[in-house]
Amino acid sequence: MSRRLLTNASIVTFAETSAPYGMIENGSLALDGETIVWVGKAADTPQEFASLTAEDLGGRLVTPGLIDCHTHVVFGGNRAREFEMRLEGASYEEVARAGGGIISTVSATRSASEDELLASALTRVDALIAEGVTALEIKSGYGLDHDTELRMLRVARRIAEARSIRVQTTFLGAHAIPPEYKDRADAYLDEICLPTLEAAHKEGLVDAVDGFCEGIAFSPDQMTRVFDKASDLGLPIKLHAEQLSNLGGAALAASRKALSADHLEYLDETGVKAMADNNTVAVLLPGAFYTLRETQYPPLNLLRQHKVPIALATDCNPGSSPLASLLLTMNMGCTLFRMTPEEALAGVTREAARALGLIDVGTIEAGKRADLAVWNVSHPAELSYRLGFNALEKRIFGGSR
């Protein structure tokens with residue numbers, strides 16, 4: 001691929017500068033194949049790049065490609081009926097204990113073929129791509145048996161082959177206890193979860209390991225067993241923590257150098273400090289907060305005070321967050337959680353990359369991969385401000401449109 005110059009743009013770099021958003025007005029970008037080789041003021045363009053074929057972006061805004069760092073986009077069926085149940089007064093925990101929730105999706109996912117799962121997942125992935133998403137994380141966790149967990153992870157890998165998007169896979173075998181192991185969580189870990197993690201790793205299907213640490217799922221002691229296995233396999237960890245109660249999951253995950261702890265509505269200052277001390281990213285998921293009509297807010301001010309990196313993600317899933325719009329997620333982060341537009345945009349670029357352990361994307365700097373989004377807006381705050389409006393002009397993935 002030839003070298004080229006993108007010029008006449010406002011560029012959100014999120015590099016370490018004093019300017020809000022790391023903004024460069026009247027900027028230019030030089031690309032060499034998949035790589036950004038220079039970024040700066042157009043007037044300062046080095047001669048070696050000034051002579052390149054230039055594409056005038058007409059003053060548009062350029063940001064890093066968006067990153068959705070927490071999704072469950074591979075699943076079977078839907079849970080629209082449970083949506084009705086919650087509106088009729090049932091709580092998330094009541095739905096789960098009645099055999100609904102995650103377990104109902106497990107049944108539908110187990111009965112779906114690999115091709116069926118891929119076809120349905122691509123509809124959601126395409127919606128994200130259309131909003132400038134260039135990378136996303138995809139979890140397993142709706143199989144809860146050996147064969148279906150592996151099938152889900154194979155589908156996730158196939159998505160990266162079927163579409164121009166980067167996929168990070170996460171093994172979430174410790175998502176829920178399947179009906180056949182009711183009240184036998186440790187037996188499930190011994191007989192299904194941990195052996196399946198080993199098999200998935202052997203097949204090259206796993207980039208990270210996750211779990212759900214809650215009263216309706218797995219205890220901190222049980223999650224420790226999963227983390228021990230991940231450590232043995234050399235895999236990074238993350239955790240669904242403090243969504244419905246405070247079991248100390250975030251502090252546990254941080255003590256094990258987790259990439260992220262996610263949800264965090266019931267996180268306390270002890271957990272925040274543990275995350276700060278271990279560079280664990282806080283991933284906030286306003287789609288689930290909204291859908292479940294929660295009232296307990298994540299401790300945003302504590303996270304800011306202790307300088308914990310804050311990411312945002314859709315949590316796209318069939319039950320608690322049937323959301324496939326990262327732009328709407330940004331608005332929710334601002335409107336529901338009182339994040340600033342700058343925090344929200346950083347949360348789906350720079351901080352989302354950190355939450356996935358990716359070092360070559362998330363900012364616009366020389367040497368980074370040329371995953372970019374070009375927007376028909378005059379100021380980056382517009383990306384969080386608008387509801388149901390997609391201002392994407394074009395998406396650049398690895399230097400290619």
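Select Ala96, Arg97, Ile103, Ile177 and Ile216 to begin: of the 19 residues lining the largest pocket, these lie nearest its centre. Keep in mind as you look around that this is a predicted model.

**Around the largest pocket**

The space you are looking into amounts to about 460 Å³. Now colour helix H3 (92-97) and helix H4 (102-110), each of which supplies at least two residues of the lining. Which element gives the largest share? That is H3, with three residues. If you colour the lining of this pocket by class, you will find eleven nonpolar, five polar and three charged residues.

**On to the second largest pocket**

Next, move to the second largest pocket, with a volume of about 380 Å³. Select Pro309, Glu343, Ala346, Arg350 and Glu351, the closest to its centre among the 20 residues that line it. Then show helix H12 (300-305), helix H14 (341-347) and helix H15 (350-355), the elements that each give two or more residues to this lining. Colouring by class here brings up ten nonpolar, two polar and eight charged residues.

**Into the core**

Leave the pockets and turn to the largest nonpolar core, which has 100 residues. Which of its residues touch the most other members? Select Ile159 and Trp375 to see them. Helix H7 (residues 185-202) is worth highlighting too, as the source of the largest share of this core, nine residues. In soluble globular proteins, nonpolar side chains tend to be buried together.

Stay with Ile159 for a moment and show what surrounds it. Leaving aside residues up to four places away in sequence, Ile159 touches Val74, Leu118, Ala121, Leu122, Val125, Ile138, Ile165 and Val167.

**Stepping back**

Finally, zoom out and switch to a cartoon view. The protein has 16 helices and 15 strands. Rotate the C-alpha trace and you can follow its spans of about 70 × 40 × 40 Å along the principal axes. How does the radius of gyration fit what a compact globule would have? For 401 residues such a globule would have a value near 21 Å, and the protein has 21 Å, which agrees.

Try colouring by burial as well: buried residues make up 59% of the 401 residues. As a last step, draw the contacts between residues at least 6 apart in sequence; 71% of these join residues at least 24 apart.

Key:
Residues numbered from 1 in each chain as written. Predicted model: local features only at pLDDT ≥ 70, side-chain atom pairs only at ≥ 80, totals over all residues. Heavy atoms only, no water. 1 Å grid on protein atoms, 1.4 Å probe; cavity = no way out; pocket = protein on both sides within 12 Å on 5 of 7 lines; lining within 4 Å. Points joined across faces, edges and corners; volume = space filled by probe spheres on them. Helix = DSSP H or I, 4+ residues; strand = E, 2+ residues; numbered from the N terminus. Nonpolar A, V, L, I, M, F, W, Y, C, P; charged D, E, K, R; others polar. Core = buried A, V, L, I, M, F, W, Y, C linked by side-chain atoms within 4.5 Å. Buried < 20%, exposed > 50% of the residue type's maximum accessible area, 1.4 Å probe, protein only. Contact = heavy atoms within 4.5 Å. Rg over C-alpha atoms; globule rule 2.2 N^0.38 Å.
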